[in-house]
Amino acid sequence: MAYLFFLFTQSGWVPFVPPLLSFLISGTLVLAYKTVYQTYHDPLTGLANRRDLEKKLQQLNEQKNSDSSELVAVLFIDLNRFKTINEGLGHQAGDYLLVATSQRLQEQLNSRKHLGRVGGDEFAIWLKPVTDKQEVVNFAEKLQLVLSQPLFWQGQEIYTTVTIGISFGETDKNFRGPELLRYADIAMHKAKAINSSRPQIFEPGMDTQAVQRWHLEKDLRVGLEEKEFKLYYQPIFSLKTGKIAGFEALVRWDSKTRGFVSPGDFIPVAEETGLIVPLGEWILREACRQIRDWHERFPRYPALIMSVNLSGRQFSEPNLVKQIQRILEAAGVEGDRLKLEITESMMMNNVEEAIALLNSLKDLGLRLSIDDFGTGYSSLSYLHRFPVDTLKVDKSFVGRMEEGKDSQKYISIVRTIISLGHNLHLDVIAEGIETEGQMNILEDLSCEYGQGYLFSRPLSVENAEALLAAQNPL
Ligand code: C2E
Ligand code: MG
Ligand code: MG
């Protein structure tokens, strides 16, 4: 009250000051409450979210007491047809399905305290104390039955089934609450991997490759929706002048659940599942947008080229040429600013078709490069027929030119690849240059371009721009 008295004595007293202050204070409190609520609740269903559920399980952890051990069960429930309904009937139908499912689960529990929505179409329940494991399995089967009953959306019958994983833990000394959610999730994925409609109980060792792959696939889909991917750019330098000739776009995945995942770990799964097609399209769009932006902002580099890796799956997409044409037009980029990196193996499945496709890509003005040259399988008799511009010497050869008893042999291999490229009027880029010694050998062998940690690691947009700003152009 002292400040009011002060205002009053200084003739600053205005009767609306106290209500204004209380309005501001209560407003701030409401906002703070809302923030806390949103941190721990799913806005659609009003249920606890994953964070809240993990927090509650963590609290069980802290309450554990070695005298009286109790059995805790976690059920992880996944809606099997959610994606089909959400994409086929629209997001409103998807939302309706999620809300209706949360209500059905609450009815079975008589309380929402132990229920949460832990992912897009995933719910979890924890039960304590449990006296009989079989009762939990029976309860899970009952939930499966209840949740498979049809729902009605705008006069249409919609139905889904659910897959359930279960984990158990005892609140003794070794109890780790939040782990139970992960174990139940693994058990759910195991049920999916073996195509089982019955609830699966977690067992140690269940986290096998098949289950890990399921997880990765699921996270990749989320990652695409949530835009968790980013492009990094590794500069390619002219070994003659030391100046930047272009960049290779390299995708990075900063996953909310996994942290940083390297492309070597997720590109093969994205390939297998076909997710590489939408991801690859985004990569092409983003890389083209970026090179146009750099051309505009760094006009001192008119010759800058952007290299983009193409996966085998993208290469066999029937509308690839049209797609790239559209992307170039939308970005306002000339075809010769873009270089596609393909591997030998991609072209060898059907050589004639591959040559026709490469010719159509060349008709767009694109440049083409054979990546990791020498590691795949290719027939040298075809090489002169591939309309490519560049060979990239694989880093496994470059990295062995200096060490070990076979170093001279590797220098010979690299020399042969470079001569082969030059005889076919191709330029050559050496990848994975890490030492000055390697760079000197490659210069002596008249290799035109180099890329590797010696010069620069793949860079974020900001760092690539700082490099462009600092370097003198070609
Ligand atoms: P790549 O196309 O042969 O790319 C070169 C890889 O070598 C990159 O790894 C790069 O970071 C790494 N590298 C560069 N300089 C050095 C060096 O001096 N020493 C060593 N040890 N490594 C170096 P990254 O980014 O992990 O990518 C691995 C592979 O994943 C790529 O090999 C490519 O096959 C694939 N990939 C990456 N980004 C994409 C993408 O956007 N689309 C597709 N389809 N594949 C991609
Ligand atoms: Mg590459
Ligand atoms: Mg390579």
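User: Hey, how do β10 and strand β11 pair up, parallel or antiparallel?
Analyst: Antiparallel, over three bridges, with β11 covering residues 259–261. Keep in mind that this is a predicted model.

User: What joins β10 to β11?
Analyst: A hairpin does, running through three residues. Within that pairing, serine 255 sits opposite glycine 259 in β11.

User: Which way does strand β9 run against β10, and how many bridges join them?
Analyst: Strand β9 (residues 229–238) runs antiparallel to β10, and nine bridges join the two. One partnership there is tyrosine 233 with alanine 249 in β10.

User: What about the hairpin of β9 and β10, how many residues are between the strands?
Analyst: Five, and glycine 242 in that hairpin takes a positive phi near 80 degrees.

User: And how does β12 line up with β10?
Analyst: Strand β12 (residues 305–309) runs parallel to β10, joined by four bridges. Glutamate 248 stands opposite serine 307 in β12.

User: How many of the residues in β10 are buried?
Analyst: Eleven of the twelve in β10 (residues 244–255), so that strand is mostly covered.

User: Switching to the metals. What coordinates the magnesium ion (ligand 2)?
Analyst: Glu248 (OE), Asn309 (OD1), Glu341 (OE) and Asp371 (OD) do, at 2.0 to 2.2 Å. Along the chain, those donors follow the spacing E-x60-N-x31-E-x29-D.

User: Where are glutamate 341 and aspartate 371 in the chain?
Analyst: Glutamate 341 is in strand β13 (residues 338–343) and aspartate 371 is in strand β14 (residues 367–373). They are 30 residues apart, so the pair links distant parts of the chain.

User: Are those two buried or exposed?
Analyst: Glutamate 341 and aspartate 371 are both buried.

User: Why does aspartate 371 count as buried?
Analyst: Because its relative accessibility is 6%, and the cut-off for buried is under 20%.

User: OK, and which protein donors does the magnesium ion (ligand 3) have?
Analyst: Asp371 (OD), Asp372 (OD) and Glu431, which is listed twice through OE, lying 2.0 to 2.4 Å from the ion. The spacing of these donors along the chain is D-D-x58-E.

User: Is aspartate 372 buried or partly exposed?
Analyst: Partly exposed, because its relative accessible area is 24%, and partly exposed lies between the 20% and 50% cut-offs.

User: How far apart are the magnesium ion (ligand 2) and the magnesium ion (ligand 3), and what bridges them?
Analyst: They lie 3.9 Å apart, and aspartate 371 bridges them.

Definitions and conventions. Residues numbered from 1 in each chain as written. Chains lettered and ligands numbered in written order. Predicted model: local features only at pLDDT ≥ 70, side-chain atom pairs only at ≥ 80, totals over all residues. Heavy atoms only, no water. Donors = N, O, S within 2.8 Å, 3.2 Å for Na, K, Ca; no water. Buried < 20%, exposed > 50% of the residue type's maximum accessible area, 1.4 Å probe, protein only. Pairing = 2+ DSSP bridges.
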